[in-house]
Amino acid sequence: MLIVEGEKCVESLTKLDMLATTSGSCTSASGTDWTPLAGRHCLLWQDNDKAGADYVQSVTSYLLALGCTVEMIDVEPLGLSDKGDAVDW
């Protein structure tokens, strides 16, 4: 399961037949019910900025508490611009 920041990113990835979800924006992780992902393997793709890094840290804490395994995509080698995201990729 890919977890990204924003619905636009989810739409772009699902068009590529990838399974993706989001809580919404970079500040919405705490208001989301993450329990449907309990025990799953989750791959987080942050936006290329501080807000994106903060978002994946927050989401990671919720997912780990639910027994998920969590990995992060290293966005550095993707050559994204500042604030770049999965849509830009």
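This is a short conversation about how to read a predicted model.

Visitor: Before we start, what should I keep in mind about this model?

Guide: It is a predicted model, where local features need pLDDT of at least 70 and side-chain atom pairs count only at pLDDT 80 or more, while totals for chains, interfaces and linings use all residues. Residues are numbered from 1 along each chain as its sequence is written, and side-chain values use heavy atoms, with hydrogens and water left out.

Visitor: Okay, the sheet. In what order do the four strands come?

Guide: General idea to begin with: strands of a sheet pair through backbone hydrogen bonds, either parallel or antiparallel. Strands here are DSSP runs of E, at least two residues, and helices are runs of H or I, at least four, numbered from the N terminus. Two strands pair if DSSP finds at least two bridges between them. In this model the order is β2-β1-β3-β4, an open sheet with parallel pairing. The edge strands are β2 and β4, each pairing on one side only.

Visitor: How many bridges join β3 to β4?

Guide: Four, and β3 covers residues 41-45. For a spot to look at, find Cys42, which stands opposite Val70 in β4. Helix α2 packs on the sheet, touching β1 (2-4), β3 and β4, and its direction makes about 170° with that of β3. Contact means heavy atoms within 4.5 Å. For the angle, axes are lines fitted to C-alpha atoms, for helices over the stretch in contact, and angles run from 0 to 180 degrees between N-to-C directions.

Visitor: Is Thr60 in that helix buried or exposed?

Guide: Let's set the words up. Buried means under 20% relative accessible area, exposed over 50%, and partly exposed in between, using a 1.4 Å probe and protein chains only. Thr60, found in helix α2, has 13% relative accessibility, so it counts as buried. Leaving out residues up to four places away in sequence, Thr60 touches Leu44, Val70 and Met72.

Visitor: Which residues make up the largest nonpolar core?

Guide: In soluble globular proteins, nonpolar side chains tend to be buried together. A nonpolar core is a set of buried Ala, Val, Leu, Ile, Met, Phe, Trp, Tyr and Cys residues joined through side-chain atoms within 4.5 Å. The largest one here has 12 residues: Met1, Ile3, Ala29, Trp34, Leu37, Cys42, Leu44, Tyr55, Val56, Val59, Leu63 and Cys68. Elements giving two or more residues to this core are β3 and α2, and α2 gives the most, with four residues. Apart from this core lies another, of 10 residues, among them Leu2, Val4, Cys9 and Ala20.

Visitor: What does Leu37 touch?

Guide: Setting aside residues up to four places away in sequence, Leu37 touches Met1, Ile3, Thr21, Cys42, Leu63 and Cys68.

Visitor: Now charges. Which side chains meet in a salt bridge?

Guide: Side chains of opposite charge can pair when their charged atoms come close. The rule asks for a side-chain nitrogen of Lys or Arg within 4 Å of a carboxyl oxygen of Asp or Glu. The count comes to one salt bridge: Asp54 and Lys50, at 2.9 Å from N to O. Both lie in helix α2 (residues 50-65), four residues apart, about one turn of the helix. Asp54 is partly exposed at 35% relative accessible area, whereas Lys50 is exposed at 61%.

Visitor: And the aromatic rings: why is the pair of Trp45 and Trp89 called edge-to-face?

Guide: A pair of aromatic rings is described by the distance of the centres and the angle of the planes. Rings of Phe, Tyr and Trp (its six-membered ring) pair if their centres lie within 6.5 Å; planes under 30 degrees apart count as stacked, over 60 as edge-to-face and the rest as tilted. There is one aromatic pair here. The centres of Trp45 and Trp89 are 5.3 Å apart and the planes are at 70°, so the pair is edge-to-face. This pair links distant parts of the chain, with Trp45 in strand β3 and Trp89 in the segment after β4, 44 residues apart. Trp45 counts as buried at 5% relative accessibility, and Trp89 as partly exposed at 49%.

Visitor: One last thing: where does Asp17 lie?

Guide: Asp17 sits in the loop between α1 (7-14) and β2 (20-21). Asp17 has a positive phi of about 65° although it is not a glycine, and at 75% relative accessibility Asp17 counts as exposed.
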